[in-house]
Amino acid sequence: MASNAAVPFWRAAGMTYITYSNICANLVRNCLKEPYKTEALAREKVHFSISKWTDGKPEKPNDV
Amino acid sequence: MLRRASGLLARPILAARARPFSTDLPAAQTADATFVEAWKKVIPNMDPPKTPLSFMQPRPPTPSSIPSKLTVNFVLPYASELATKEVDMVIVPATTGQMGVLPGHVATIAELKPGVLSVHEGNEVTKYFISSGFAFIHANSFADVIAVEAVPLDRIDASLVQKGLAEFTQKLSSATTDLEKAEAQIGIDVHSALNSTLTG
């Protein structure tokens, strides 16, 4: 059995399957017709807030 | 001591012979038998609580003759497109090429590439463009297709596809690092698959 069968080009470039799959999904969403495109992009929006911690205390968070 | 060792060795061998392959498992149990026994030993008067295993439907067993219909579950992260729908055939865009799945297909796990999934039921064919995903075909003629994004073909905008294809072809020629080249290549693959779906 081949232990290292031909890896896909994205794996060889250091990308994981999840990254590859998400890129493909985003590209497909960007090629949709109008009402569906805004629905799809709105559905996939992610909100997160990042806060750096120093000396055991969080600083003010940045929202994304 | 040696006599006990031979007894201990005999048990795992028996267990291995009794359950050779996971695809041949009989219909899974609906209640967790060992948990129920242990519960009754400690608390005989109360009913044991239901475990998650008892809420799950058991896997339908592999019938001895090939069933006439394939049961398809097609799910997306945000919706379940087809849930246990009985169809005649599905064609999935596997990385190894378009694969047709009929009832009685051998158990397979296929990684999907961007392409068209077509579901054939009687005379009607429903097509979806899938961005990528996996198809699990079980021995009992159940097929699970999972995709991140799937759109019916009439929702694709041809001009955006052409624009994307041109943009990524240009990005590939100007890409420097491996990662940029890979991303540009992915863009080209997806857009050319979209293109051939619209024109072909």
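Reader: Why is C24(A) called buried?
Author: This is a predicted model, and the value is computed from it. The relative accessible area of C24(A) is 0%. Buried means under 20%, so C24(A) qualifies.

Reader: How do you know whether C24(A) is in a disulfide?
Author: Look at the sulfur distances. The nearest cysteine sulfur belongs to C31(A), 12 Å away. A disulfide needs two sulfurs within 2.5 Å. The gap is therefore too far for a bond. Over all chains, the structure holds zero disulfides.

Reader: What makes C31(A) buried or exposed?
Author: Its relative accessible area, 3%. The cut-off for buried is under 20%, so C31(A) is buried.

Reader: Why is the contact of E149(B) with R29(A) called a salt bridge?
Author: Their closest N and O atoms are 2.5 Å apart. The rule asks for a Lys or Arg side-chain nitrogen within 4 Å of an Asp or Glu carboxyl oxygen. The pair therefore passes. Both residues are buried.

Reader: How many salt bridges are there over all chains, and what makes this pair join two chains?
Author: The search finds five over all chains. E149(B) sits in the loop between strand 9 and strand 10 of chain B, while R29(A) is in helix 2 of chain A, so the pair joins two chains. Across the interface of chain B and chain A, the rule finds one salt bridge.

Reader: What does E149(B) add to the buried area?
Author: Chain B and chain A bury about 2200 Å² between them. E149(B), R155(B) and I186(B) supply 26% of the area that chain B buries against chain A, more than any other three residues.

Reader: Why does the pair K69(B) and E121(B) count as a salt bridge, and what does the pair tie together?
Author: The N to O distance is 3.3 Å. The limit is 4 Å, so the pair counts. K69(B) lies in the loop between helix 3 and strand 1 of chain B, and E121(B) in strand 6, so the pair ties together parts that are 52 residues apart in sequence.

Reader: What makes K69(B) partly exposed?
Author: Its relative accessibility is 25%. Partly exposed runs between the buried limit, under 20%, and the exposed limit, over 50%. K69(B) therefore falls in between.

Reader: Why are strand 1 and strand 2 of chain B called paired?
Author: Five bridges join them. Pairing takes at least two, so the strands pair. They run antiparallel and form a hairpin with four residues between them. V72(B) has K85(B) as its bridge partner in strand 2.

Notes
Residues are numbered from 1 along each chain as its sequence is written. Chains are lettered from A and ligands numbered from 1 in the order in which they are written. This is a predicted model: local features need pLDDT of at least 70, side-chain atom pairs count only at pLDDT 80 or more; totals for chains, interfaces and linings use all residues. Side-chain values use heavy atoms; hydrogens and water are left out. Buried means under 20% relative accessible area, exposed over 50%, partly exposed in between (1.4 Å probe, protein chains only). Buried area is the accessible area (1.4 Å probe) that two parts lose on being put together, summed over both.
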